[in-house]
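Me: Can you walk me through this one? I'll throw questions at you as I look.

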Amino acid sequence: MEMTLVLNSSYEPLKVIDWQRAMTLWATGKVEIVEEHEREVRSVSFSFRLPSVVRLLHIVRLRRRPVVQFTRANIYQRDSYTCQYCDVQWTAEDLTFDHVIPVAQGGQRGWENIVTACEPCNRKKGARTPEEAGMTLQRKPRRPLVLAPAVKVTLGIRTPANWMSYLYWHAELES
Ligand SMILES: [Zn+2]
């Protein structure tokens with residue numbers, strides 16, 4: 001099933017729908033097609049490429065910003081599957097979570113205090129702060145603003161290449 005990314009008229013990613021619904025929106029003049037999939041649909045009288053990205057022609061007010069969920073997959077994705085202490089990229093099976101400030105010392109369970117760490121670094125750090133363990137965080141952990149992981153995780157699909165510029169555009173502006 002080919003999916004279609006729907007953008008606001010201001011090119012803000014809104015949601016993902018199936019291509020049939022996107023074609024209905026297009027046929028009723030609600031959207032314009034911005035990017036197409038490689039896949040073509042043919043009938044006797046016509047052929048067209050499936051819409052990959054469509055843009056609404058009238059602005060839709062967002063009630064609230066979509067929030068990136070605090071999940072294992074999203075934490076790994078935020079940290080690019082990279083240990084935040086040794087800066088080496090690992091596979092998910094070799095990664096663990098680390099509370100930067102240990103829970104015993106008042107550390108919270110949240111985006112700002114949990115980072116991806118490989119097992120050796122996590123063992124070495126133990127229940128200490130980075131300062132106590134003489135280890136340095138590669139980057140300050142933050143709540144991610146990027147919409148892409150949320151879209152990907154919710155649907156469990158791979159993001160088509162031609163969605164990327166729309167998904168990351170706003171994130172780059174905000175960082
Ligand atoms: Zn490490």
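Reply: Sure. Let's start with two cysteines: both C118 and C121 are buried. Keep in mind that this is a predicted model.

Me: What coordinates the zinc ion?

Reply: Four cysteine sulfurs do. The SG atoms of C83, C86, C118 and C121 sit at 2.2 to 2.3 Å from the zinc ion.

Me: And how are those donor residues spaced in sequence?

Reply: The pattern is C-x2-C-x31-C-x2-C.

Me: Why is the arrangement around the zinc ion called tetrahedral?

Reply: The four donor atoms subtend angles of 102 to 117° around the zinc ion, so the arrangement is tetrahedral. The cut-off asks for all angles between 85 and 135 degrees.

Me: C118 again. Where does strand 6 run, and how covered is it?

Reply: Strand 6 spans residues 114-118 and is mostly covered. Five of its five residues are buried.

Me: Which way do the residues of strand 6 point?

Reply: I114, T116 and C118 point one way. V115 and A117 point the other way. In a regular strand, side chains alternate between the two faces of the sheet.

Me: What about strand 5 and strand 6, parallel or antiparallel?

Reply: Antiparallel, over five bridges. One pair to look at is T96, whose bridge partner in strand 6 is A117.

Me: D98 next. Buried or exposed?

Reply: D98 has a relative accessible area of 3%, so it counts as buried. The cut-off for buried is under 20%. D98 lies in strand 5, residues 95-99.

Me: What does D98 touch, leaving out residues up to four places away in sequence?

Reply: Y85, N113, I114, V115, A117, N122 and K125. Of these, I114, V115 and A117 are in strand 6.

Me: Switching to the open sheet. What's the strand order?

Reply: There are four strands in the order 2-1-4-3, with mixed pairing. The edges are strand 2 (13-18) and strand 3 (31-42), each pairing on one side only. On average, neighbouring strands are turned by 30° against each other, direction ignored.

Me: How many bridges join strand 1 to strand 2?

Reply: Five, and the two strands run antiparallel. Strand 1 covers residues 3-7. L5, for instance, has V16 in strand 2 as its bridge partner.

Me: What does helix 1 touch on that sheet?

Reply: Helix 1, residues 19-27, packs on the sheet and touches strand 1, strand 2, strand 3 and strand 4 (47-56). The direction of helix 1 makes about 110° with that of strand 2.

Me: Which residues of helix 1 are buried?

Reply: W19, A22, M23 and L25 are buried in helix 1. They cover an arc of only 160° around the axis, so they lie on the same side of helix 1. What covers the buried residues includes strand 1, strand 2, strand 3 and strand 4.

Me: What's the phi of G29?

Reply: Positive, about 75°. G29 comes just after helix 1.

Me: Last bit, the whole chain. How many helices and strands?

Reply: Six helices and six strands. From the N terminus on, the elements run β-β-α-β-β-α-β-β-α-α-α-α.

Me: How much of the protein chain is buried?

Reply: Buried residues make up 39% of its 175 residues.

Me: And what share of the contacts with a separation of 6 or more comes from residues 24 or more positions apart?

Reply: 58% in the protein chain.

Methods:
Residues numbered from 1 in each chain as written. Predicted model: local features only at pLDDT ≥ 70, side-chain atom pairs only at ≥ 80, totals over all residues. Heavy atoms only, no water. Donors = N, O, S within 2.8 Å, 3.2 Å for Na, K, Ca; no water. Tetrahedral: all angles 85-135°; square planar, octahedral: opposite > 155°, others 65-115°. Buried < 20%, exposed > 50% of the residue type's maximum accessible area, 1.4 Å probe, protein only. Pairing = 2+ DSSP bridges. Axes fitted to C-alpha atoms, helices over the stretch in contact; angles between N-to-C directions. Contact = heavy atoms within 4.5 Å. Arc of directions from axis to C-beta.
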